[in-house]
Amino acid sequence: MATTRIKIKESLKQWAFETTDLGEDTLVEITQRNKWLQQSSKLYLQPTVKQLGAFATRLHIPFGSLLLDKPPKTEDIRLAFRTQQNVPAEVSLNVRDIIYEMRRKQSWFKEESGLANQKLSIVGSASKLNNAETLNAVLNLLTLNHFNSPRDLFNDLRDQLAHLGILNMQKGNAGLGTTRPLDVSELRAFVLLDDYAPLIFINQKDSYTARIFFADT
């Protein structure tokens with residue numbers, strides 16, 4: 001039985017190598033192990049479906065993107081972003097993937113859950129307030145109860161935010177499994193604003209004390 005192969009564009013191969021978070025040495029090794037990635041091979045850019053799927057998985061990129069006529073555009077990321085220093089000029093593939101994953105979850109909650117059926121008045125309500133006024137507004141919404149551990153306080157704040165209609169998501173890795181950890185030095189938390197389903201994401205690898213700071217910000 002003849003083997004079915006897929007012809008992919010040179011530009012998509014280049015896009016995949018530029019997009020992945022894998023190091024140069026690993027990419028060289030991948031190229032050496034796959035004849036369809038070697039320009040000298042008669043099978044150059046003609047992988048089987050299985051080979052292309054394995055390639056996409058290894059490079060942490062969407063399989064479907066490799067079947068396009070031209071490389072996909074990187075979506076502009078506009079959100080409140082907290083790192084240990086400041087907003088980075090560019091984010092890693094892991095961070096980008098977790099942002100897109102949270103956007104999908106936010107969209108599902110907003111469009112499909114049946115629970116986000118009215119605008120939340122608290123979204124944007126502090127945009128014209130100064131720092132002191134913003135603090136007072138937060139304290140009117142949240143109660144800082146006393147607990148014996150930062151973990152218990154954090155969980156209590158999460159429950160309060162949920163009652164206000166704010167989604168609070170935690171994860172320590174991009175994708176499935178634990179092979180793509182989220183670096184705390186790059187990402188601690190971010191907010192996806194929405195009138196109906198605002199979402200706070202917190203890096204699960206951060207300390208509970210740090211998580212409290214962002215949950216209450």
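How many residues lie between β3 and β4 in their hairpin? Keep that in mind as you open the model, which is a predicted one.

**Get your bearings**

Start with the whole chain in cartoon view. You should find seven helices and four strands, and if you trace the chain along the sequence the pattern reads α-α-α-β-α-α-α-β-β-β-α. Of its 217 residues, 38% count as buried. Now think about contacts between residues with a separation of 6 or more: 66% of those in the chain link residues 24 or more positions apart.

**Stop 1: the hairpin**

Select residues 189-192, which are β3, and then residues 199-203, which are β4. Here is the answer to the opening question: six residues sit between these two strands of the hairpin. The strands run antiparallel and are joined by four bridges. To see one pairing, show L192 in β3 and its bridge partner L199 in β4.

Next, turn on the side chains of β3. In a regular strand, side chains alternate between the two faces of the sheet. In β3, A189 and V191 point one way while F190 and L192 point the other way, and all of them are buried.

**Stop 2: the largest nonpolar core**

Nonpolar side chains tend to be buried together in soluble globular proteins. To look at that here, select A16, L52, F55, L59, I61 and L66: in the largest nonpolar core, which has 19 residues, these touch the most other members. The elements giving two or more residues to this core are α1 (10-19), α2 (24-33) and α3 (49-59). Which of the elements has the largest share? That's α3, with four residues.

Zoom in on L59 and show what surrounds it. Beyond its neighbours within four places in sequence, L59 is in contact with A16, F17, T20, D21, L22, L27, I30 and L93. Apart from this core lies another one, with 17 residues, so to speak a separate stop: try selecting I98, I99, L167 and A197, which are among its members.

**Stop 3: helix α1**

Colour α1 and pick out L12, K13, W15, A16, F17 and T19, its buried residues. What covers them? The cover includes α2, α3 and α4 (93-111).

**Stop 4: a pocket**

Switch to a surface view and go to H60, I61, P62, L93 and D97, the residues nearest the centre of the second largest pocket. This pocket holds about 570 Å³ of space, and 23 residues line it. At least two lining residues come from each of α1, α3 and α4, and α4 gives the most, with six. Colour the lining by class and you'll get nine nonpolar, seven polar and seven charged residues.

**Stop 5: two unusual phi angles**

Most residues other than glycine have a negative phi. Two residues to check against that are L45 and H60: phi of L45 is near 60°, a positive value, and phi of H60 is near 60°, also positive.

Find L45 in the loop between α2 and α3. Is L45 buried or exposed? Buried, because its relative accessible area is 4%, and the cut-off for buried is under 20%.

You've already met H60 at the pocket. H60 sits in the loop between α3 and β1 (80-82). H60 counts as buried too, because its relative accessibility is 19%.

Key: Residues numbered from 1 in each chain as written. Predicted model: local features only at pLDDT ≥ 70, side-chain atom pairs only at ≥ 80, totals over all residues. Heavy atoms only, no water. Core = buried A, V, L, I, M, F, W, Y, C linked by side-chain atoms within 4.5 Å. Buried < 20%, exposed > 50% of the residue type's maximum accessible area, 1.4 Å probe, protein only. Contact = heavy atoms within 4.5 Å. Pairing = 2+ DSSP bridges. 1 Å grid on protein atoms, 1.4 Å probe; cavity = no way out; pocket = protein on both sides within 12 Å on 5 of 7 lines; lining within 4 Å. Points joined across faces, edges and corners; volume = space filled by probe spheres on them. Nonpolar A, V, L, I, M, F, W, Y, C, P; charged D, E, K, R; others polar.
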